[in-house]
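Q: Please take a close look at the aromatic residues of this model, and describe how their rings are arranged and what surrounds them.

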Amino acid sequence: MAKKQFKAESKRLLDLMIHSIYTNKEIFLRELISNASDASDKLHFLSLTNEVARRQCGELTIDIVPNKEARTLTVTDRGVGMTREELETNLGTICKSGSLQFKEEMTKEEEKEAVNIIGQFGVGFYSAFMVSDRISVLTKSYQSDTAYRWVSDGADGYTITEAEKADVGTVIEMHIKDDTDDEKYSEYLSEYTLRRLIKTYSDYIRYPVRLMCEKHETTGEGENKTETVTNELETINTMEPVWKKSKARLKKEETNQFYKDQFHDFADPLITVRVAAEGVVSYDALLFIPEKAPYDYFTKEYQKGLRLYTNGVLIMDHCTDLINEHYRFVRGVVDTADLSLNISREMLQKDQAVSVIAKNLDKKIHSELKKTLEKDRETYERFYKAFGIQLKYGVVADYGIHKEELKDLLMFYSMKEQKLITIKEYLEAAPEGQKHIYYACGETAAKICALPQTELVRKKGYDMLCLTDEVDEFVMNILMKEGDRDYCSINSDHADLLDEEDTKKAEESAEENKDLLSFIKETLSISDAVISRKLVSQPVCLSAKGSVTLDMEKYFASLPGEQGGGVKAERVLELNASHAAFAALKKAYETDQERAATMVRVLYGQALLIAGLPVEDPTSYAQDVCSLFE
Ligand code: ADP
């Protein structure tokens with residue numbers, strides 16, 4: 001019979017898998033047991049509503065049977081099984097998503113990267129090829145009368161044939177590789193090792209994981225003494241789900257392992273929260289905040305939500321109603337007895353219990369983050385680096401209804417401290433008499449700190465928050481005020497950074513140049529032209545009146561399509577009255593207004609460029625510049 005080939009990229013992945021990946025080959029058993037457990041979950045869940053499944057669903061156990069003579073290890077489950085099509089799609093293609101691009105030649109670094117991605121997609125089953133040279137999967141789906149056998153030796157593809165099997169479920173038989181100098185594969189046939197692996201990796205599995213063990217029994221006395229050896233299935237795992245264990249009995253290694261297994265992460269979680277709630281709604285929850293955002297976190301593919309169990313039976317993989325959008329990075333499980341099992345998914349959304357749990361968890365996560373911020377700054381900063389932006393989105397979302405709750409968790413880069421600080425810390429350090437909370441936007445903190453306007457802030461002994469995320473300025477707008485101090489851009493007119501004397505000088509100069517300023521305003525048809533109170537060495541700069549700032553305009557312009565193209569800041573040209581360019585302009589205005597208008601346009605072009613905005617008509621701008629040489 002012709003062998004089917006694995007898809008090209010799958011084959012490459014498989015090679016990687018078999019030869020180079022895990023140093024930790026022993027995890028293959030955990031992967032197979034997890035699959036068996038998932039398959040059992042599925043059948044159990046289906047049996048609640050589906051008559052066919054109910055009839056097929058028996059005692060759900062997972063059996064591990066080593067056979068030293070035949071050098072085989074078998075993992076048997078009584079779960080959903082697979083149809084022929086499922087065998088083909090599930091075990092015929094490794095990389096189901098197809099989003100992996102494989103180059104012919106991969107560097108070691110790229111290989112590592114690929115392996116990371118592989119891990120996240122879960123090539124669980126294929127890890128069995130690390131220890132076996134031939135795998136046979138005998139399976140019968142609850143929906144099918146026929147059983148099938150899938151056989152593969154890894155490298156050359158696989159075959160699928162019809163086979164005999166009485167019950168639903170799957171039997172995976174691995175032929176264990178021969179021992180080599182470096183690797184003693186035989187140990188995966190030893191009872192001692194298998195027992196240890198089940199205990200270490202699969203203790204929390206909710207179904208009995210039974211290992212075929214040799215039982216030695218002696219009967220009789222003296223001459224008549226005989227030893228009989230029988231084989232018996234012995235349940236190895238404790239079966240208690242981790243999330244049901246009390247805090248006191250819960251070991252960190254155990255929850256970390258659980259997290260990594262269940263949520264396909266290589267790293268331990270950064271923060272773990274165990275909740276055992278009793279009240280109107282009783283539930284157990286185990287929540288995790290990852291160390292890093294998953295690779296698809298900022299894409300549409302990422303599914304937020306917690307895994308919802310009722311009495312240990314999985315009801316929903318991603319229950320989105322359990323978690324608020326601003327904490328969408330939280331993974332974990334919730335188990336409650338207070339839900340009706342036959343409830344449909346639509347109903348679930350309106351379920352009272354779910355919304356009570358969601359509310360409690362929201363509080364719990366908040367207090368845990370706050371505690372981390374106060375007690376373990378280093379961990380909190382790692383968290384903030386990964387997910388701080390999500391909190392900011394949370395502040396801005398829905399017109400700021402969550403801002404009070406979330407603002408304590410925010411951090412911004414401080415110009416004075418040169419590190420991240422909270423708003424509370426900013427306020428505590430602010431000298432008396434400081435009226436505003438100052439901030440400025442820019443690409444990097446270094447660039448912001450180099451802005452000419454920051455001189456004035458420093459002179460006053462004030463600190464300033466450096467905003468580098470696009471969403472930051474919106475956050476400031478939504479937060480508005482802390483006590484009697486409002487958030488204020490250092491570019492803003494009411495920034496109060498000038499001394500009385502400077503202010504007076506600027507006012508006098510504005511009065512003196514009134515006509516020139518309105519000439520400029522009209523020439524450019526902009527909102528205003530003013531004598532600047534901020535400029536030191538530059539002749540001009542651009543600022544904005546009203547609620548839309550230049551940074552917002554830039555942000556909206558960067559949105560795809562027509563979304564934000566229409567949002568424009570009301571532009572104000574600020575002029576430095578003590579600059580030579582201003583003196584020249586003034587002179588031209590008195591003698592040659594046409595030349596003055598050209599100068600005004602050139603200065604405006606400069607201001608736009610410095611602000612990082614495009615000049616509207618580059619050709620006429622260039623002509624203007626040249627005409628000034630005449
Ligand atoms: P993952 O478990 O991460 O999806 P695997 O490669 O381990 O990746 O498994 C691929 C798919 O094969 C599973 O999603 C499941 O649909 C199916 N599968 C694997 N093992 C079993 C099993 N014992 N019973 C039923 N289906 C299984």
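**The aromatic cluster and its surroundings**

A: One aromatic cluster is formed by Y297, F298, Y302, Y327, F329, Y380, F383, Y384 and F387. The model is a predicted one, in which local features need pLDDT of at least 70 and side-chain atom pairs count only at pLDDT 80 or more, while totals for chains, interfaces and linings use all residues. Residues are numbered from 1 along each chain as its sequence is written, and side-chain values use heavy atoms, with hydrogens and water left out.

A pair of aromatic rings is described by the distance of the centres and the angle of the planes. Here rings of Phe, Tyr and Trp (for Trp, its six-membered ring) are taken to pair if their centres lie within 6.5 Å, and planes under 30 degrees apart count as stacked, over 60 as edge-to-face and the rest as tilted. By this rule the count comes to 23 aromatic pairs. One of them, formed by Y259 and F288, is tilted, with 5.0 Å from centre to centre and 45 degrees between the planes. Because Y259 lies in helix α7 (residues 252–262) and F288 in strand β10 (residues 283–289), this pair ties together parts that are 29 residues apart in sequence; helices (H or I, at least four residues) and strands (E, at least two) are DSSP runs, numbered from the N terminus. Y259 counts as buried at 1% relative accessibility, and F288 is buried as well, with a relative accessible area of 0%, where buried means under 20% relative accessible area, exposed over 50% and partly exposed in between (1.4 Å probe, protein chains only).

Within the cluster named at the start, which includes both Y297 and Y302, these two residues form an edge-to-face pair, with 4.7 Å from centre to centre and 70 degrees between the planes. Both Y297 and Y302 are buried. Y297 also has a charged neighbour, since R328 lies over the face of its ring at 5.1 Å from the ring centre; a charge sits over a ring if NZ of Lys or CZ of Arg is within 6 Å of the ring centre and within 35 degrees of the ring normal.

Burial can also be followed in a strand elsewhere in the chain: five of the six residues of β22 (residues 570–575) are buried, so this strand is largely enclosed by the rest of the structure.
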